[in-house]
Amino acid sequence: MSESALKRTLLLISLLFVNFLAPAQNAAAPADTHPEWSRPYQPFQIAGNLYYVGTYDLACYLIVTPKGNMLINTGLAASFSMIKANIEALGFKFADIKILLTTQAHYDHMGAMAAVKKLTGAKMMVDEGDAEVVADGGRSDYALGGNTSTYAPVKADRLLHNGDTIKLGGMQLVMLHHPGHTKGSCSFLFDVKDKKRTYRVLIANMPTIVTDKSFSDIPAYPGIERDYAYTLDAMKKLSFDIWLASHSSQFELHRKHNPGDGYNPDAFIDRKGYDAELNDLQDQFFKKVKGK
Ligand SMILES: [Zn+2]
């Protein structure tokens, strides 16, 4: 067999194998997900070209640009049609999504990612620390992993590192590596404008602790304690106007906004709330390290 014929045969075999294994169809989100999390929620304009398109608690953000849109997080696999309907209800085309991002590779933010990618052809970009777990649908996750994927695997088109920028249609997002919750949890920092002013927006992955185990008892993530300490410290030093997060409960969306409220970016200016939440998480981290 010639070299090119051999390559073609190997490619064919690998393609057959991929189809045969069909890992996406075996993904199953944990059954104990709080039903409130994935309830439908009315989408709205947060500030400038930034929109909330998530479910009641699983925050998903759409950033609209003249060159196409970016979607950050997708909720559960079952949230797919809700997110799509939310984007369309705001008057945007689902097919205009060009870039997909996630704040952390857990099933409640990655659930519909493979389906969105398939339908839109958008490029998925992920923090390098989460690339492996995204590619196996959560199986290799140190806390929620196991034999079955908790979401359909996605192959990232670009790996991101701390401080990398993601550019589209005049927008520029800086990715901040905030590991601990997952190995590649991250936040996004960027400016949005409206007629009145520019807002610096932080979409933060708050470093909540997932595992019940002691940090020294997690061979799959030897650097976990150091990573949480780094993230807590790095997050305290950030400057921004608007604070958002992976879960709407974390930044108290439902206290700050009611469905049908008019445009009010100032409702999300809340440095105090952010600092209080971080202090809480810092306490939980110290307790964990002390073994309490
Ligand atoms: Zn999570």
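**Exercise 1. Which strands form a hairpin with two residues between them, and which residue in the turn has a positive phi?**

Solution. The model is a predicted one, in which local features need pLDDT of at least 70, side-chain atom pairs count only at pLDDT 80 or more, and totals for chains, interfaces and linings use all residues. Residues are numbered from 1 along each chain as its sequence is written.

Step 1. Helices (H or I, at least four residues) and strands (E, at least two) are DSSP runs, numbered from the N terminus. The hairpin is made by S1 and S2, and Gly 48 in its turn has a positive phi of about 55°.

Step 2. S1 and strand S2 (residues 50–52) run antiparallel and are joined by three bridges; two strands pair if DSSP finds at least two bridges between them.

Step 3. Gln 45 has Tyr 51 in S2 as its bridge partner, and Phe 44 stands opposite Tyr 52 in S2.

**Exercise 2. Determine the strand order and the edges of each open sheet.**

Solution. Step 1. One open sheet has seven strands in the order S1-S2-S3-S4-S5-S6-S7, with mixed pairing. Strand S1 (44–47) and strand S7 (158–160) are its edge strands, each pairing on one side only. From one strand to the next, the twist averages 25°.

Step 2. Another open sheet, of five strands, follows the order S8-S9-S10-S11-S12, and its pairing is mixed. Its edges are strand S8 (165–168) and strand S12 (242–245), each of which pairs on one side only. Here the twist averages 20° from one strand to the next.

Step 3. Strand S11 (residues 198–204) pairs with S12 in the parallel sense over four bridges. Val 201 stands opposite Ile 242 in S12.

**Exercise 3. Describe how helices H6 and H8 meet.**

Solution. Step 1. The axes of helix H6 (residues 224–236) and helix H8 (residues 271–290) come within 11 Å and cross at roughly 160°. Axes are lines fitted to C-alpha atoms, for helices over the stretch in contact, and angles run from 0 to 180 degrees between N-to-C directions.

Step 2. H6 and H8 are therefore roughly antiparallel to each other, a term for angles over 145 degrees.

Step 3. Glu 225, Tyr 228, Leu 232, Met 235 and Lys 236 in H6 meet Leu 278, Leu 281, Gln 282, Phe 285 and Val 289 in H8; residues are in contact if their C-beta atoms, placed from the backbone, lie within 7 Å.

**Exercise 4. How far can the coordinates be trusted, and over which residues is the pLDDT below 50?**

Solution. Step 1. The chain has a mean pLDDT (the predictor's confidence in each residue, from 0 to 100) of 92, and 91% of its residues reach 70 or more.

Step 2. The pLDDT is below 50 over residues 13–25, a stretch with six contacts in the model beyond near neighbours in sequence.

Step 3. Where pLDDT is low, the predicted coordinates should not be read in detail.

Notes: Two residues are in contact if their C-beta atoms, placed from the backbone, lie within 7 Å. Angles under 35 degrees count as roughly parallel, over 145 as roughly antiparallel, 65 to 115 as roughly perpendicular and the rest as oblique.
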